[in-house]
Amino acid sequence: MQIYGLNKLTLLDFPGHLACTLFTGGCNFRCPFCYNTSLVLEPTKIEKIPIEEIFAFLRQRKGRLEGICITGGEPTLSTDLPEFISQLRTLGYLIKLDTNGSNPDMLSFLLQNHLLDYVAMDIKNSPQSYKKTVGVSNLDQSVIDKSVELLKSCGILYEFRTTVVAGLHTEEDFSFIGKWLAGDCAYYLQSFQKHSDLVEENSSDMSTFSQKEMEHFREVVLPWLPNTKLRGI
């Protein structure tokens, strides 16, 4: 397993738990608003953290940290992810996975083998706007749909979340998202923030919605997703 970053303490990434965050490299999406540019586009240029160093840190923090967040990049692209999580499990940690939902087969395997305690899946946009939003013209939307359905029936805690970007998202998109995801799951609308190192170098068409606009989008989805909250506002 190749790990390219370690955040030694997070109070936010794993709801309800003190955790650390491990960053994998590489991604099959090219979301223009993504700020993990190096991890997505050029992970091989980043110095990897030796696995022995990761486990030494985790053994040292046992009893203080409760969970481990695995994020990216896109972690499910790593074929050795199940084995890696199994090793983490032996230390007694809870595991949270961040995913774009593009690999439902891997997600299904992890869920069936009880390797996850929490999953956060990015919902990039409404189905009709997905390809543009993720920068992949040949995206098979059915894999995203399958991952959504897997989480709805998985029996563990999970959340859906959308980074909301002016220039990419509209009120109509959120109406479709609400009907698509409908249920009692947690859904978060996250405010896009300009960054100097975005995947899309020419980001002039993207900007941040106002708090009032974000609150309006929340109102749009509430009839279908009553547990919708704003994050990062």
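**Figure 1. Surroundings of isoleucine 95 in strand 4.** Isoleucine 95 is buried, with a relative accessible area of 0%; buried means under 20% relative accessible area, exposed over 50%, and partly exposed in between (1.4 Å probe, protein chains only). The model is a predicted one, in which local features need pLDDT of at least 70, side-chain atom pairs count only at pLDDT 80 or more, and totals for chains, interfaces and linings use all residues. Residues are numbered from 1 along each chain as its sequence is written, and side-chain values use heavy atoms, with hydrogens and water left out. Isoleucine 95 belongs to strand 4; helices (H or I, at least four residues) and strands (E, at least two) are DSSP runs, numbered from the N terminus. Not counting residues up to four places away in sequence, isoleucine 95 touches Phe14, Ile68, Ile70, Ile85, Leu88, Arg89, Leu115, Leu116, Asp117 and Tyr118, where contact means heavy atoms within 4.5 Å. Glutamate 149 is 54 residues from isoleucine 95 in sequence and 20 Å from it in space, C-alpha to C-alpha.

**Figure 2. Strand 3 and its pairing with strands 2 and 4.** Strand 3 (residues 67-71) is largely enclosed by the rest of the structure, because 5 of its 5 residues are buried. In a regular strand the side chains alternate between the two faces of the sheet. Here Gly67, Cys69 and Thr71 point one way, while Ile68 and Ile70 point the other way. Two strands pair if DSSP finds at least two bridges between them. Strand 2 (residues 19-23) pairs with strand 3 in the parallel sense over 5 bridges, and leucine 22 stands opposite isoleucine 70. Strand 4 (residues 94-99) also pairs with strand 3 in the parallel sense, over 4 bridges; there, lysine 96 is the bridge partner of cysteine 69.

**Figure 3. The β-α-β unit and the loop residue threonine 76.** Strand 3, helix 3 (residues 81-89) and strand 4 form a right-handed β-α-β unit. A crossover is right-handed if, with the strands pointing away from the viewer, the path from the first strand over the helix to the second runs clockwise. Threonine 76 is found in the loop between strand 3 and helix 3. At 1% relative accessibility, this threonine counts as buried. Leaving aside neighbours within four places in sequence, threonine 76 is in contact with Leu81, Leu97, Thr99, Asn103 and Met106.

**Figure 4. Salt bridge between aspartate 117 and arginine 89.** Side chains of opposite charge can pair when their charged atoms come close. A salt bridge is a side-chain nitrogen of Lys or Arg within 4 Å of a carboxyl oxygen of Asp or Glu, and the structure holds 8 of them. In this view, the side chains of aspartate 117 and arginine 89 meet at 2.5 Å, N to O. The pair links distant parts of the chain, 28 residues apart: aspartate 117 is in the loop between helix 4 and strand 5, and arginine 89 is in helix 3. Aspartate 117 is partly exposed, with a relative accessible area of 23%, and arginine 89 also counts as partly exposed, at 23%.

**Figure 5. Salt bridges that involve strand 6.** Aspartate 98 forms a salt bridge with arginine 161, the closest N and O atoms being 3.5 Å apart. This pair links distant parts of the chain, with aspartate 98 in strand 4 and arginine 161 in strand 6, 63 residues apart. Both aspartate 98 and arginine 161 are buried. Lys96, Asp98, Asp122, Lys124 and Arg161 are linked in a network of salt bridges. The side chains of glutamate 159 and arginine 231 meet in another salt bridge (2.9 Å, N to O). Glutamate 159 lies in strand 6 and arginine 231 in strand 8 (residues 228-231), so the pair ties together parts that are 72 residues apart in sequence. Glutamate 159 is buried, with a relative accessible area of 1%, whereas arginine 231 is partly exposed, at 25%.

**Figure 6. Buried residues of helices 4 and 6.** In helix 4, the buried residues are Pro104, Met106, Leu107, Ser108, Leu110 and Leu111. Their cover includes helix 3, strand 4, strand 5 and helix 6. Histidine 114, which follows helix 4, has a positive phi, near 55 degrees. In helix 6 (residues 141-152), the buried residues are Gln141, Ile144, Ser147, Val148, Leu150 and Leu151. What covers them includes helix 4 (104-112), strand 5 (118-122), helix 5 (130-134), strand 6 (157-164) and helix 7 (171-181).
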